[in-house]
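Hi there,

Here is the structure I promised to pass along. Have a look at it first, and my notes on what turned up follow below.

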Amino acid sequence: MGEIGDTPERGDLPAGVTQLVMETYARHLGRRPSAARTYANDELVMCVLRDKLSPAEKSQLVEGHASSVNQARLGVQGAMREELVAGVERLTGRKVVELITAHDLDPGSAFETFVCDARELFFLNGFLEDPVPLGEAEPQSA
């Protein structure tokens, strides 16, 4: 992936994010999902992971303990959050303002969606005169 602070070429971004997410899942959960693919546009980066459940989690689901599996996953997600956000910010060179995680226990998919600060793009494209720091922007009336 390169050195900290390096950003990948545009075509390498999805592969870099996929690698980051897969390695983070492996470190925190003890195994990698069997497959993953990342999609990126100006504002969103989404990594779709397949077959992410461990054999123990699959057994728990068969026994009817879906809520336990879901709660455990949410706990691990909290531990991974900072690492995932920092990694995507490093890879994209953009501020991540939101990480939305969704888990589908059947068929065992997960979705990590990173929302980047769109104000940076508006500024670079001339739609904003000055990129106001997060939290300092005044609400706009319709």
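**Notes on the model**

I'll start with a single loop residue: Asp51 counts as partly exposed, because its relative accessibility of 27% falls between the 20% and 50% cut-offs. Asp51 sits in the loop between β2 and α2, and its phi is near 50°, a positive value in a residue other than glycine. Please keep in mind throughout that this is a predicted model.

**The same loop, a little further on**

Ser54 also has its place in the loop between β2 and α2. Is Ser54 buried or exposed? Ser54 is buried, because its relative accessible area is 17% and the cut-off is under 20%. Leaving aside neighbours within four places in sequence, Ser54 is in contact with Arg31 and Arg73. The C-alpha atoms of Ser54 and Gly30 are separated by 8.5 Å, with these positions 24 residues apart along the chain.

**The overall layout**

Stepping back, the protein has four helices and four strands. Along the sequence they follow the pattern α-β-β-α-α-β-β-α. There are 142 residues in the protein, and 32% of them count as buried. Among contacts with a separation of 6 or more, 51% come from residues 24 or more positions apart.

**The sheet**

The four strands make an open sheet in the order β1-β2-β4-β3, with antiparallel pairing. At the edges are β1 (35-40) and β3, each of which pairs on one side only. From one strand to the next, the twist averages 10°.

Here is how the strand pairs line up, if you would like to click through them:

- β1 and β2 run antiparallel and are joined by six bridges; Ala35 has Arg50 in β2 as its bridge partner.
- β2 and β4 are antiparallel too, again with six bridges, and Val48 has Phe111 in β4 as its bridge partner.
- β3 and β4 are joined by eight bridges and run antiparallel, with His103 standing opposite Ala110 in β4.

β3 and β4 also form a hairpin, with four residues between them. In that turn, Gly108 has a positive phi of about 95°.

How enclosed is β4 by the rest of the structure? Seven of its eight residues are buried, so β4 is largely enclosed.

**The helices**

α1 lies across β1, β2, β3 and β4, and runs at about 135° to β1. α3 packs on the sheet as well, touching β2, β3 and β4, and its direction makes about 135° with that of β3.

Helix α2 (residues 55-62) and α3 have axes that come within 7 Å and cross at roughly 145°. Which residues meet where α2 and α3 are in contact? From α2 there are Glu57, Gln60 and Leu61, and they meet Ala66, Val69 and Arg73 in α3. By class, that contact has three nonpolar, one polar and two charged residues. You may recognise Arg73 from above, where it is in contact with Ser54.

**The core**

The largest nonpolar core has 18 residues. Those touching the most other members are Val17, Val21, Tyr25, Leu49, Leu84, Val88 and Phe114. Two or more residues are given to this core by each of α1 (13-29), β2 (44-50), α3 (66-92), β3 (96-104) and β4 (109-116). The largest share, six residues, comes from α1.

Val21 is a handy residue to centre the view on: not counting residues up to four places away in sequence, Val21 touches Cys47, Leu49, Leu84 and Glu112.

**The cysteines**

Are Cys47 and Cys116 buried or exposed? Cys47 is buried, because its relative accessible area is 0%. Cys116 counts as buried as well, because its relative accessibility is 3%. As for disulfides, the test is a pair of cysteine sulfur atoms within 2.5 Å, and by this rule the count comes to zero.

Happy browsing, and best wishes!

Key:
Residues numbered from 1 in each chain as written. Predicted model: local features only at pLDDT ≥ 70, side-chain atom pairs only at ≥ 80, totals over all residues. Heavy atoms only, no water. Buried < 20%, exposed > 50% of the residue type's maximum accessible area, 1.4 Å probe, protein only. Core = buried A, V, L, I, M, F, W, Y, C linked by side-chain atoms within 4.5 Å. Contact = heavy atoms within 4.5 Å. Pairing = 2+ DSSP bridges. Axes fitted to C-alpha atoms, helices over the stretch in contact; angles between N-to-C directions. Nonpolar A, V, L, I, M, F, W, Y, C, P; charged D, E, K, R; others polar.
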